[in-house]
Amino acid sequence: MGRFDGKVAVVTGGTSGIGLAAAQQFVQEGAYVFITGRRQAELDAAVKQLGKNVTGVRGDISKLEDLDHLYDIVQREKGHLDILFANAGLGSLLPLGEISEEHYYKTFDVNVKGTIFTVQKALPLFPNKKGSIIVTGSTAGSSGIPAFSIYGASKAAIRQLVRSWILDLKGTEIRVNVLSPGTVVTPAYDELFGANLEAFLEQSKNEIPLGRVGKAEEIANAVLYLASNESSYINGIELFADGGIAQI
Ligand SMILES: NC(=O)c1ccc[n+]([C@@H]2O[C@H](COP(=O)([O-])OP(=O)(O)OC[C@H]3O[C@@H](n4cnc5c(N)ncnc54)[C@H](OP(=O)(O)O)[C@@H]3O)[C@@H](O)[C@H]2O)c1
């Protein structure tokens, strides 16, 4: 018996890194999972890796018609949704003085607009207004990081949205929580740091109270906790899975 037997989950950005690790654990624990991402080849590879109880739906969360397409498929194939992990997101480095309009829109269109409509458009699918929504924040949303202000602001926005959403959802049994990872090496880091990756990781290890960076599986463990009945009275929090860096 799995913790999520018979449950239906959507994991946006489920083709890589944290989303893929969470999708894998949901499937291992008995859930049926819909994963999304923009790149077809990565989507196909992730579906193959998960092996069973998975549907891949290509789409960009910043495009409302792609979200409609996603939820149409969930409605058609399963008729409802129990868990939404609104995880898709991106970030890039640009210091103040070099921030461009394109950089701003690229980040906010996906991380903020995309997350808002991923959540809003999912609501009619929760049966009897019951379910768990987890959105991916970041320790960057509550700390200063050089050249990462736009990304940090987008994640701070996500955290703030959830404070009001739990009031908008009063009277339902839909819980919404933010899961904020710290430093977790995923494919996103190759693009973000390039040749500076090793130096960044060394510096991170020295700063993090636990003395190491995290693994995608450790973030997934926290996601599954927030998705499960074990967290049934937890609503609106920001849970940090970060080795302690946000607490010092
Ligand atoms: N890794 C960390 O240390 C860390 C720390 C804090 C927060 N986070 C957050 O964790 C989440 C996952 O990041 P990750 O590190 O696992 O990165 P990743 O390995 O690059 O995965 C990102 C996923 O999101 C998808 N994605 C990106 N933009 C999308 C869009 N517009 N529409 C649909 N899917 C999109 C990607 O697929 P496509 O590119 O094919 O679309 C991919 O599946 C992000 O929200 C990130 O900000 C990560």
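Visitor: At what angle do helix α3 and α4 pack, and how far apart are their axes?
Guide: In this predicted model, α3, which covers residues 64–77, packs with α4 at an angle of about 35°. Their axes are 10 Å apart.

Visitor: Is that crossing left-handed or right-handed?
Guide: α3 passes α4 in a right-handed crossing.

Visitor: OK, so which residues meet there?
Guide: From α3 you have L64, L67, D68 and Y71. On the α4 side they meet K113, G114, F117, T118, K121 and A122. That contact divides into 5 nonpolar, 2 polar and 3 charged residues.

Visitor: Let's stay with α4. How does α4 pack with α5?
Guide: Helix α4 is residues 101–122 and helix α5 is residues 149–168. The two pack at an angle of about 20°, and their axes are 9 Å apart.

Visitor: Why do α4 and α5 count as roughly parallel?
Guide: It comes down to the angle: angles under 35 degrees count as roughly parallel. At about 20°, α4 and α5 are therefore roughly parallel to each other. Their crossing is right-handed.

Visitor: What makes the contact between them?
Guide: On α4, look for H103, Y104, T107, F108, N111, V112, T115, I116 and V119. On α5, look for I150, Y151, A153, S154, K155, A157, I158, L161 and W165. By type, the contact of α4 with α5 has 12 nonpolar, 5 polar and 1 charged.

Visitor: Switching topic: how many residues are around the ligand, and which come nearest?
Guide: There are 29 residues around the ligand. T15, S16, Y151, T186 and Y189 come nearest. You've just met Y151, by the way: that residue is also part of the α5 side of the contact with α4.

Visitor: What does S16 do with its side chain there?
Guide: A polar side-chain atom of S16 is 2.5 Å from an oxygen atom of the ligand.

Visitor: And which backbone atoms should I check?
Guide: Try G13, where a polar backbone atom is 3.3 Å from an oxygen atom of the ligand. Then go to I61, which has a polar backbone atom 2.9 Å from a nitrogen atom of the ligand.

Visitor: One more pair. How do α1 and α8 pack?
Guide: Helix α1 (residues 17–28) and helix α8 (residues 216–227) pack at about 55°, with axes 8 Å apart. α1 and α8 are therefore oblique to each other, and their crossing is right-handed.

Visitor: Who's touching whom?
Guide: α1 brings G17, I18, A21, A22, Q25 and F26. α8 brings A216, E217, I219, A220, N221, V223, L224 and A227. Sorted by type, that's 10 nonpolar, 3 polar and 1 charged.

Technical notes. Residues are numbered from 1 along each chain as its sequence is written. This is a predicted model: local features need pLDDT of at least 70, side-chain atom pairs count only at pLDDT 80 or more; totals for chains, interfaces and linings use all residues. Side-chain values use heavy atoms; hydrogens and water are left out. Axes are lines fitted to C-alpha atoms, for helices over the stretch in contact, and angles run from 0 to 180 degrees between N-to-C directions. Helices (H or I, at least four residues) and strands (E, at least two) are DSSP runs, numbered from the N terminus. Angles under 35 degrees count as roughly parallel, over 145 as roughly antiparallel, 65 to 115 as roughly perpendicular and the rest as oblique. A crossing is left-handed if the near helix is turned anticlockwise from the far one by less than a right angle, and right-handed if clockwise. Contact means heavy atoms within 4.5 Å. Ala, Val, Leu, Ile, Met, Phe, Trp, Tyr, Cys and Pro count as nonpolar, Asp, Glu, Lys and Arg as charged, and the others, Gly among them, as polar. A residue is near a molecule or strand if one of its heavy atoms lies within 4 Å of it. A polar contact is a pair of N or O atoms within 3.5 Å; within protein, one must be able to donate a hydrogen and the other to accept it, and residues adjacent in sequence count only if both atoms are side-chain atoms.
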